[in-house]
Every structure is written in C-alpha cells, then in structure tokens.
Amino acid sequence: MKFVAVIRQVPDGESRLKIEGGKVDLGGVTMILDQMDEWAVEEVIRLQEKHGGESVVVALGPERFEEAIRTALAMGIDRAIHLVAEGYLDPISQAEALAEVIRAEAPTLVFTGGQQADWDSQALGPALAEALSWPVVSWTTQIELEGETQAKAKHDLDEGAEVVRVGLPAVFTSQQGLNEPRYPTLPGIMKAKRKELKKVPVSASSKVEILEQTIQEKSRLNKMIDGKDPVAAAHELVRLLHEEAKVI
Amino acid sequence: MILVVLEHDGQRLRKGALEAISRARQIGALGAIAGVVIGENTQAVAQEAAQYLPTVYAAEVGSYTPEKWAEAAYAAAQKSGAKVVVATGGRQSRTWTARLAYKMKAGLLEDTLETSTDGQHIIGVRYSFLNRVTEKQKAALPVVFTAKPNTTPLAEPADSSGVVEALEVSLPPTVEVLERLSEQKKGVSLTEATVVVTGGRGLGNPEAFAGVEELASTLGAAVGATRAVVDAGWRPYSEQVGQTGKTVQPNLYIALAVSGAVQHQAGMNKSKYIVAVNKDAEAPIFKIADYGIVGDVHQVLPALIDAAKKLKD
Ligand SMILES: Cc1cc2nc3c(=O)[nH]c(=O)nc-3n(C[C@H](O)[C@H](O)[C@H](O)COP(=O)(O)OP(=O)(O)OC[C@H]3O[C@@H](n4cnc5c(N)ncnc54)[C@H](O)[C@@H]3O)c2cc1C
C-alpha cells in the first residue's frame, strides 16, 4: 500500500503579520508545517505502521517549503516530492498540478489538511479528489482500512458527523481529534537529511488574483477592571456593557 | 446567467439560501438568475424557491455526498448556461463547491463577505490567515463563490412566481453513508446568537459550566467552549469555537478562563465587543478584549450572574 500526505508551509499563527504594499509580507515570520497538515502526516505514518507499504509527502509551493517537507520526513515519512512554484496559486490550479504527480504515484489514499492556516481555504482536498475522479471525505476524525479497496471513516458535517464507507483510492482531509502528531526525534531529523526529496519545477497560472490584503485589527477598548473585589468588578462590567457598549 | 444553489433542510429553504439569492441579485448585471435545489424532497422546496426566482431546478439525488452535490450543481450550471454559481458557505458546501469549480474550470472564491462584478470578473472580499487578514480577490468568469452566512440581507420574494423543472443527474456510486450522528441542540444557536458566553479550561471542571449556562440564559446567550474543554469531554464538540470549531461574530463575546490561543481567536476575533475574565493579567485574550476582569473566575462568575440578573429584573 502507498499513503500520500499533501502538505503546505504556513506562517505560525503566533507570529505577527505585516502588510507591505497592500500584501501580507512573510519576511521575518516563523514558518511551520500547517498544523492541520501535521495531522495528515501523522495519520499517513500510522496507516503505514499498521498496514505496511510506503509513505510519501507531496508539496506544491516555493523553495522555502523544503523546511516543512523535512519536518514531515523527520516525523517518519519515507520520501518526498516537491513541486516548486513561487507566487500565489489558487487551490483549484494547485489541484491540477498535484493530480498529475499523484496519479503517477497511484497511492492507496491521499490525506491533506482540512483548512489552510494562511488562505483559510478548504478547497485543496476536494478539488484534488475531483481532478483524480476520486471520492472525498472532508474533516475526518477517524479512519480504518477495510482491505486495500475500501475504508470506513467518520467525519464532521455542518451539523453533527457521519460514518461513511468509501471505495479507495480516495482523498481525506483532516480534523481535530484524528490523532496527536508525534514530534520529530533527533535520529529522525538526522535520517530525514538522507531521505529522497525530488524537486520538480512547475509553471502554472492562477485562476484567482489577490488584489489587496489588510489587517483590520479592530481597535479594542482594553478597559481593565481589577477583580480583587469580584462583586464590585462584576457590577462595573455589567454597567459598562449596558450603558457604554449597549450590548446587554 | 447566474445559478444559485439553494440550501434547505428537506422542508424549507434555509436563511443561507435567501442570502445567496441576494448575492446573485447584487451581480444581476451578469444575467438572469436560476436556482437549483439538490437532495431530498426537492420538488416541494423548489416550489418555495420559485417565489424568488424565475427558474428553479429540482435535482432529486438523495442524501448528501459532495460528489452528488457537485454533479447536480454542474448539471444545473450546464443546463442554464451559468457562468457564475453562488452557494452558502459552510463545511459541506465548501467541499462540493471545490469539486464543482474544478469541473467548470472556474475560479473559486470561498466564504466571501461581499462580492461584486465588473462584467468580466467577480471580485470578492474574505478573511484569511486565521481570520486575521481581510483580503480582496478577483477571478475571471466562470466563477464559483460561496457566501459566508450572516453577511447579506435576506432576499425578498419576486413579483411573479417562477417555474420548477426536474433535473436528471446521473451519479457515480462513491461514498456510502452508514450512520448520521446529529448534534444535540438546546438553547440559542451558537452561530446565530448575538451574545456568546464561552468557558475555558481555567474553569477547572465540567460542573463549573453550570455557572456559564446560568449567565448565558440570563443574557439570552449561547454557550461556547474551547478545544481544551471539548477534548477533556466537559462539553460537546458542537459548542467549540475556533479554527476547527465554529466561527462566531456576536455583538458580545464573553470569554471566561480562556487563554485566547490564536486557533481560538480565529473563531471569535471579529466579535463586536469582547469581554475576558482571567486570573492571568498576561493572558493573550486580554490583548483583544474591550473589557477585562483580572480575577478568579470562581469568584467573578457568580457575581456576574447576580449583577446580570439585577439588570434584567
Ligand atoms: C490545528 C489546531 C486547531 C485548533 N482549533 C481550536 C479551536 O477551534 N478552538 C479552540 O478553542 N482551540 C483550538 N486549538 C487549541 C488551542 O491552541 C488552545 O490549546 C485552546 O484554545 C486552549 O483552551 P483554553 O483557553 O480553554 O485552555 P488553556 O490554554 O489551558 O487556558 C486556560 C486559561 O484559564 C486561566 N485560568 C485558570 N484558572 C483560572 C481561574 N481560576 N480564574 C480565571 N482564569 C483562570 C488561565 O490563566 C488560562 O489563561 C487548536 C489547536 C490546533 C493545533
């Protein structure tokens, strides 16, 4: 069996974002393997541990993505393919480029993150499934293989969840609760340096253009009340919410 | 031509469908608007939709799978010749609309707050970077876009009623639904509430949520929870606010013993007013709070309930 995780590198949510010339400037920002993709990587490693075969990560993005790819390799993935493309490429166009490589790999299944922490997009997994003419299970919290051609999975809907049986190959996207990702170990990090990382240049044009980005952090009142006298503090807060903010 | 995919609950159109119709009307310069109702009991729902739109297709395809929804919407887009497809945002719809955009070779604008057209493109505004950035995007026709719920006024019925047409869709078997687990619903719906009271791990135990519920019911608010609380099994997942939970934008958001991690902020940072109670003056939640009480939640919460009750009396 062969298990593929599609991953991306994104800014750490804790880091401060800057805007330069109307666009988010990632210079100086700490970049990490998207935490929802981390769940996908962990699940692929677990599936391989349980069922044997091979685990592969595939990423489409700029050179800097290599760091996130090495993290996945250090966690335990066998090898990687990096489709190198600079600049913004929308998820639908990404799916097109990724599908070609994934079709050639002919995996048992593909896992990716449920939502991207930079573009807040949920489209890559389902668009990739469409490009491959495979089914998709999004926001997956549990997966179990039933032989090589079928899987049972639980996943979230708008309201509630459902259990589905799906023919393989299929694309799955991750959701919290799926697993707890392991940390790369020192031997893992050493080994990752020697693992195969194939680079393939990609040229594709984006169907979506980003015109402008702004950080409109609402300016907050930041009125602090000392809670040493809890009763007085509570009354003051309720008064402010009623008279000043007029929200209760 | 514009196609609106109309959300419904098997009986009636959902509010999101009426928002989507408003969005379609806003770009009405691009042509006439058709609707499609996909799923079960579509004929009856399509009759209701015909009060708003001149043509409504009814695609009877059974229970939800993204493959079926994408195929049905694609069939309706082809039949009507639509260059733009509008749908409501949400987990399910953002899954099948991605499949649809791929089929149509269309640009996809997800979860837009507003949309407009210059005749050749759709321009959309949306949040990105965990809800921290507001972004303007542009895509040339054809375009598929989803409208974030609660962003658009509900559409009014049209002057004359439209026609309903059954739409045949041939579907490949893919996903078999074995079991559907619904959320238990009580009190005010979290995503539609104007006041939300959220409890975090600092409450210490599930019993302490009795206070959160009491404050919420006094204020007519919905109860929210952090992931730490949901992971601990204190509250159901349906109450989780954040990146992997629900996104809320109430007039008032009260965070009790919540640290305010970025992933939590991603679900609530657009609230009009934010209140935080935390014993740690350095907690990140205070940085985005309008009003904050530095104190022990076990002392402050009962006092807050009292004060709120006095106000409401
Ligand atoms: C990919 C990903 C997605 C995630 N999605 C979500 C999500 O959707 N929603 C979400 O909430 N989290 C999410 N998280 C988790 C998030 O990072 C935090 O771990 C979580 O929000 C912390 O919850 P908390 O604030 O309740 O707990 P803690 O971080 O433990 O904070 C408890 C707070 O309570 C305060 N406190 C303690 N005792 C008292 C007292 N007696 N009185 C007053 N204050 C007190 C403490 O000072 C502290 O600030 C996600 C994480 C990841 C990696």
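In this predicted model, the angle between two helices is taken between their N-to-C directions, along axes fitted to C-alpha atoms over the stretch in contact, and runs from 0 to 180 degrees.

Q: Why are α5(B) and α8(B) called roughly parallel to each other?
A: Helix α5 (residues 209–219) of chain B packs against helix α8 (residues 297–312) of chain B at an angle of about 15°, with the axes 9 Å apart. Angles under 35 degrees count as roughly parallel, and α5(B) and α8(B) are therefore described in that way. Their crossing is left-handed.

Q: What makes the contact between α5(B) and α8(B)?
A: From α5(B) come G211(B), V212(B), E214(B), L215(B), T218(B) and L219(B), while α8(B) supplies L301(B), L304(B), I305(B), A308(B), K309(B) and K312(B). By class, the residues of this contact are seven nonpolar, two polar and three charged.

Q: Where does the ligand lie, with respect to the chains?
A: The ligand is placed between chains A and B. Around the ligand there are 27 residues, of which R201(B), T226(B), T244(B), S259(B) and Q263(B) come nearest.

Q: Why does the pair formed by H264(B) and the ligand count as a polar contact?
A: A polar side-chain atom of H264(B) lies 2.9 Å from an oxygen atom of the ligand, and because a pair of N or O atoms within 3.5 Å is a polar contact, this pair qualifies.

Q: Which atoms of the ligand lie 3.3 Å from G202(B) and 3.1 Å from Q243(B)?
A: For a backbone N or O atom of G202(B) the partner is a nitrogen atom of the ligand, at 3.3 Å, whereas for a backbone N or O atom of Q243(B) the partner is an oxygen atom of the ligand, at 3.1 Å.

Definitions and conventions
Residues are numbered from 1 along each chain as its sequence is written. Chains are lettered from A and ligands numbered from 1 in the order in which they are written. This is a predicted model: local features need pLDDT of at least 70, side-chain atom pairs count only at pLDDT 80 or more; totals for chains, interfaces and linings use all residues. Side-chain values use heavy atoms; hydrogens and water are left out. Helices (H or I, at least four residues) and strands (E, at least two) are DSSP runs, numbered from the N terminus. Angles under 35 degrees count as roughly parallel, over 145 as roughly antiparallel, 65 to 115 as roughly perpendicular and the rest as oblique. A crossing is left-handed if the near helix is turned anticlockwise from the far one by less than a right angle, and right-handed if clockwise. Contact means heavy atoms within 4.5 Å. Ala, Val, Leu, Ile, Met, Phe, Trp, Tyr, Cys and Pro count as nonpolar, Asp, Glu, Lys and Arg as charged, and the others, Gly among them, as polar. A residue is near a molecule or strand if one of its heavy atoms lies within 4 Å of it. A polar contact is a pair of N or O atoms within 3.5 Å; within protein, one must be able to donate a hydrogen and the other to accept it, and residues adjacent in sequence count only if both atoms are side-chain atoms.
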